[in-house]
Structure formats: C-alpha cells, structure tokens
Amino acid sequence: MSETKATRTVVVTNPQGLHARPADLFVKLATRFASRVEIVKDRERVDGKSILALLTLAAAEGTKLSIEAEGPDAAEALDALAALVEHDFAENENSQL
Amino acid sequence: MQKLQGIAVSPGVVIGEAFVMDTEGFRIPRRFVAREAVDEELERLERAFVAAAEEIVGHRDAVARELGQQYGAIFEAHLQMLRDPKLRSEIEQAIRDRCYSPEYAVSRTLRRYAKVFQALESGPMAERVADIFDIEKRLLRRLVGRRREGIAHLTSPVVILAHNLTPSETVNLDRKFVRGFVTEMGGAGSHTAIVAEALEIPAVVGTGPFLSEVSGGERVIIDGDQGLVILQPDDETLDFYCRMVERHRSNALQLESLRQFPAETVDGVRIQLHGNIEFPHDVQHCLERGADGIGLYRTEFLYLGAATEPDEEAQYQAYSGVLLAMGDRPVVIRTLDLGADKLTAAQADAERNPFLGLRSIRLSLRNLPMFRTQLRAIVRASVLGNAQIMFPLISTILELRQAKMVLADVIEDLEEHGLPFRRDIKVGMMVEVPSAVVLVDRFIAEVDFLSIGSNDLIQYTLAVDRSNKDVSGLYAASDPAVLRLIDMTMKAGKQTGKPINLCGQMSGNPTYTMLLLGLGFRQLSVTPSAIPEIKRICRRLTIPQCEAVASRALTLENARDIKSYLKEELKRILPETAE
C-alpha cells in the first residue's frame, strides 16, 4: 500500500446545501477510510471527519469544495466522497440505513 | 471584560455570580477542578458522552419506529456531532490543560460552536444552534445529574441572566438568592421589570443576544441605574462598582433615618405615600418604610404563579394577609389585569394586536365565573381591614357599569348567604385609556376614586409599545400630551372632591414629584423602595413652589424640555442627588 494524496473539486448541488443530514452522511462515509480527509472552501480548511467543522463551512448550494484525501486508501476515499456529493447525498442513503 | 448596554428598569447596583437561565435552567456548579482530579473528570466526561449517545440512539429508534426512518435522521446528525472527534478533543484539552470542570468545558466549547453558527447567515445553518444547545443539554444533564439546580432551588446569591423570563419563572424563583436580572429581550414595563422592582433588585433588559458567550459562574456587574451589564469586569471596574455599592448603602441608611417622619411638605401639607405591591409579603417592604397604605395591589401573580386558576379560598387568604398587615390603612386591590405581555402560552391565542385586545377588565367580563370568584374573595376579606376595589383598563362607561353590576351581584349573593362583608367598600377605576380622561367627568361620577396608571396611559396616548426597542424612545412620561391628560383628570378630581391617585412608574420617579404635587396630587402610589426618596423630596418643598413648577411645565413644548426643566428644579431643592 502506498501513501498517496489526491484532490478533487466538487460542487454542492442539493438545494439545502451541506446541512446536518448530508454532513452526517459525508462524515460517516469519510470515517470508513483510513486516509485523512480534509475539505477546503475558499481559504478555510477543515477536517472531513468532523461534522461540526463541516457545518461551520455553511456550504450552500453551488459552493465549490475541494476534497483532499491523504493515506493508504486516498483514491478510493476520494471517489466515494465525490460521488456522494455529486449525487446530492442520495446515493448512499439506502446502503446506510 | 465585556460591557452590554440595555434598558435600565430597576435601579441599584449589584455584583454577583452569573446564573444562566437557559438550557433548561442548568447551572454550572463549578468552573475548575483540581489538577490531580483531571483523569477522574475525564472519565466522568466519557461516561456522559456514552450515556448521551445511548439516549440519542434510543430516541432515534423510537422516532423511526413511530414515524418512519427519515424522521430519525435528525438524531443521526446529533449522534454524529456527539461523536465528533474534534469536539471531543477540544473539550478534553480544556479539561486537561486548563483544569476546567467537564461541565464548564462542555458548555464553553459548544457555545463557541453555537456562536459560529449564529453568525452564519444562511437559514438552515441557524437551526444548528438549536442542535448544539440540545447536545449541550444532554451532556449537562448527565454531568450535573441530580444536582441540576433549578431557579426555584438556589443555594447561594446569584444574578439571573436569561433570554427572557416568563411570569411563572419569575414568580417561582427563590427570592432569597436572586440579586439581579438581565434579559436579552424586553423593555421598560415588561413583567421582568415589574418583578425586579417589586423585589427591589437591579435589572437590565433588552441587551440583545449575549448568552452564547456566558457559561454561568462568571462575575457579573449589573448597573440598574445606567442599564449597563459588565461581564467579567477588570479590577479597575470592579473597584469602581464596589465603591458605588457602598455609596448606595450609605444613601439608603440616610433615607432610613426619615422613617419615623411623615411625608409632609415644608408648608405643612400631608402627602399620602402608598406602596404598589405584587405579592402579599411585599407588604413588609411597605410597612418598613412607613407607607400610608397600599395604592395598588396587583393580583395577576396569584394567577400566573399557579398551574390552575386560584380558587376563592386561596385568593381570600392572600387578600386577608395584606389587609390584616395594613390595619386600617387603605388597601386598593386591583382586579385581574392580565395583559397581553403577561399571558401564559396556554391563554395566548395569538392576538394580532394584544395591547388593544382582550385583556384586563375585558378578559374578566368575558370570564364571569373567574371574575366573580375574585370579587367574592375581595369582598369577603373586606371586613378584615380597609379594602377598596379597583377595575383596570376601563375604556367605556358601559364596561364600568357592567363591572359594578357583577360586584353588586356578588354582594347580594354574600348577603343571602349571611356572610360578613363591608357594605361601604369603596370602588374605583384606573385611568389608563385616553377615553377615560376625555370623559373623566362622567366616569368620576360613578366611582369613589380614580387612580391614574401612567404606564398604560402613556403607551395608549402616544401609541407606543414600551417593550418595543425600536419605538420605546417615544415613550415619555414628560410628554406634554400626557401631562395635559393628567391635569384634566386632576381637575375633575378637584371639582368633585374625590381622591385621585397616580400609581405608575412615574409616581416613584423623583423627577416628577414636584410636578405631580403642583398638579394637585396629595396621594401617590409608588414602588415601596421609592417611598423614602419621595418622602425626602416632599419634606423639602412647598405647595406654591410645586404649583409654579407645574404651570411652567404645562407651557413647555416637548418631552425633553419638560424633563430637563423638572430635573433642574429637583436639583435646586435636592442638591445632594446631583452627580
């Protein structure tokens, strides 16, 4: 396993923005990976595994976020998290519950 | 140190420990722990987190079962917040590095987040504040556990800081330990103001939001004279206020020495100084200051403090206590004056314009059984002393006659049952609505006395909601229109020889004493703590002097000029109060 770092930019498309429920789903997914996950919005950088930190970003619909993952499973983490955001946080819902 | 400016509603200065009255009245018992206890405290924190998480899981499952999966989702987010590694490490760090108690660390850390969310403009994010408070509450409930202290069970002196206080909260508080109030909401004349005045403790209201920065336990100064609140004062400020507290104390002692003297002007005119009271035991405040009677016994708190409507016996007991304590001095009992701002949630049917709505005597006339119960209790108690009945907020003659009819009915009923009562019980009404002044000659013909409720009279005359911060600047006792209405009422009193009293906040304000005596008042009903001060003023002046002041004041054009003129005049007779 190699230590890698990957970055991808996504746009929040769900109308309510990154509110409590999407943030919860995001954190749940992020915690499944061993890699460190960080979210960058403009100049703010927060821990992607902390729901409170994510919420402080107040990312509304249309906000550009870059997701950064660093660690053994960085690529997989990034794929999964980007997909979650791009699918309006709906994809994961069924497997979650 | 942080300074907040609010509205000064009850005078005095107090320095005390903050008791934050939100998050269900939790109180942080202590802020620091001993260094060697840190590990143990961290374990306690761990247990609180585990228990709170279990509780949330329980709620989530119950809600999901009853309402469906998607409704359980909000708890899912709460759970996630509770498990937030960043939150946890921040709290633990505060305990480890600063020796904060877990309670204080939880409260401070979460409040910092609440503040961040509060500052965010987007709508749904603001709701996160409620989530944060919810989590705080859950953790504190575990941490403080059974030691949770409500406002009704205090053990040491505190100052209450709250968003807003409901009447039932203020009624149930333990007055032995409450030394002052600060509320984010409210204005002059809000019930917090009235209660603080009755308790004779300093209060500041309408400061705007600040509670998210306070955890409880901090030192707070309330300057009820200037409307200032100072959180965690620096040494210099603290020292300044300590000296002020001392000055207040010595002034009180000086006034105390006036106790045995009557309120008599230099030219020998005796002024009747009555007290306004809320609770039966406030009578002591009046007696201690040598009040000549009770000019206004507000009865709302009988209704607000209890879960159910007070029955006749409970009311009879309350009225009897006051009457017996006052002996043959008059006690004016005002019938229920539940105002829009004092209604409990259950009764408030969301009127669009509550101050012009179903309140006070209107409410009584709509709820005849309740009204009759109150009148029966008063009339029955009347044999024990010098009881007088007063109807509030009378706006038409018909209303007054209806109220008197219900009273006559109650009396007849008592007579039939052979119960004792005082036949010559005096009946009066409040003059609070401009219509009552316009037709004062007709109203006065049907009652034994009038009492001007200046607070409402000002509000209705100037069309100002005194608890609305945006317009409260227009609310002025010294407005020329208000003075003219008071003068008109007074003239009717002189023509008929019937007594007229003034019982609003205006009467207890030294600025207006000369004016009121000059207009012809020989009776003032004031908050008990103001009796000595008003008495001191009465003993320095002559009636012709007051009459000259009143005639001049009536010619002035605006509230500000009148007020500054009156202040000037007061300064002349009472130079020591000028600072």
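A residue is buried if 20 or more other C-beta atoms lie within 10 Å of its own. By that criterion, the buried residues of helix H17 of chain B are B:Ser454, B:Asn455, B:Asp456, B:Leu457, B:Ile458, B:Gln459 and B:Tyr460. The structure described here is a predicted model. This briefing covers the make-up of chain A, its contact with chain B, two helix pairs, the surroundings of H17(B) and two individual glutamate residues.

**Chain A: elements and contacts**

- Chain A contains four helices and four strands.
- Read from the N terminus, the order of these elements is β-α-β-β-α-β-α-α.
- Chain A has 97 residues, of which 39% count as buried.
- Among the contacts in chain A with a separation of 6 or more, 72% join residues that are 24 or more positions apart.

**Chain A: confidence**

- The mean pLDDT of chain A is 85, and 90% of its residues score at least 70.
- Confidence within chain A is highest in strand S2 (residues 36-41), at a mean of 94, and lowest in helix H4 (residues 93-96), at a mean of 43.
- The pLDDT is below 50 over residues 91-97 of chain A. Beyond near neighbours in sequence, this stretch has eight contacts in the model.

**Where chain A touches chain B**

- The two chains meet through 18 residues of chain A and 19 residues of chain B.
- On the side of chain A that touches chain B, the elements giving two or more residues are helix H1 (20-31) and helix H2 (51-56) of chain A.
- H2(A) provides the largest share of that side, with five residues.
- By class, the side of chain A that touches chain B consists of nine nonpolar, five polar and four charged residues.

**A helix pair between the chains: H1(A) and H2(B)**

- The axes of H1(A) and helix H2 (residues 73-82) of chain B come within 9 Å and cross at roughly 55°.
- Angles from 35 to 65 degrees count as oblique, and H1(A) and H2(B) are therefore oblique to each other.
- H1(A) and H2(B) form a left-handed crossing.
- H1(A) contributes A:Ala20, A:Arg21, A:Asp24 and A:Val27 to the contact, while H2(B) contributes B:Ala73, B:Ile74, B:Glu76, B:Ala77 and B:Gln80.
- Sorted by class, the residues in this contact of H1(A) with H2(B) are five nonpolar, one polar and three charged.

**A helix pair within chain B: H13(B) and H14(B)**

- Helix H13 (residues 368-381) and helix H14 (residues 397-416) of chain B have axes that come within 9 Å and cross at roughly 60°.
- That angle makes H13(B) oblique to H14(B).
- The crossing of H13(B) with H14(B) is right-handed.
- From H13(B), the residues in contact are B:Leu368, B:Phe371, B:Arg372, B:Leu375, B:Arg376, B:Val379 and B:Arg380. They meet B:Val406, B:Leu407, B:Val410, B:Ile411 and B:Leu414 of H14(B).
- The contact of H13(B) with H14(B) has nine nonpolar and three charged residues, and no polar ones.

**Helix H17 of chain B and its surroundings**

- Helix H17 (residues 454-462) of chain B is mostly covered, with seven of its nine residues buried.
- Three helices and strands of chain B named among the packing partners of these buried residues are strand S13 (426-431), helix H15 (434-438) and strand S14 (449-452). Helix H18 (480-496) and strand S15 (500-502) of chain B also pack against the buried residues of H17(B).
- B:Ala463 follows H17(B) and has a positive phi, near 55°.

**Two glutamate residues**

- A:Glu44 lies in strand S3 (residues 44-47) of chain A.
- A:Glu44 counts as partly exposed because it has 13 C-beta neighbours inside 10 Å.
- A:Glu44 and A:Leu57 are 13 residues apart along the chain, and their C-alpha atoms are separated by 7.7 Å.
- B:Glu41 is located in helix H1 (residues 38-67) of chain B.
- B:Glu41 counts as buried because it has 21 C-beta neighbours inside 10 Å.
- Apart from neighbours within four places in sequence, B:Glu41 is in contact with B:Val33, B:Ile95, B:Ser101 and B:Pro102.
- B:Glu41 and B:Leu143 are 102 residues apart in sequence, with a C-alpha to C-alpha distance of 9.9 Å.

Conventions
Residues are numbered from 1 along each chain as its sequence is written. Chains are lettered from A and ligands numbered from 1 in the order in which they are written. This is a predicted model: local features need pLDDT of at least 70, side-chain atom pairs count only at pLDDT 80 or more; totals for chains, interfaces and linings use all residues. A residue is buried if 20 or more other C-beta atoms lie within 10 Å of its own, exposed if 12 or fewer, and partly exposed in between; C-beta atoms are placed from the backbone. Two residues are in contact if their C-beta atoms, placed from the backbone, lie within 7 Å. Axes are lines fitted to C-alpha atoms, for helices over the stretch in contact, and angles run from 0 to 180 degrees between N-to-C directions. Angles under 35 degrees count as roughly parallel, over 145 as roughly antiparallel, 65 to 115 as roughly perpendicular and the rest as oblique. A crossing is left-handed if the near helix is turned anticlockwise from the far one by less than a right angle, and right-handed if clockwise. Ala, Val, Leu, Ile, Met, Phe, Trp, Tyr, Cys and Pro count as nonpolar, Asp, Glu, Lys and Arg as charged, and the others, Gly among them, as polar. pLDDT is the predictor's confidence in each residue, from 0 to 100.
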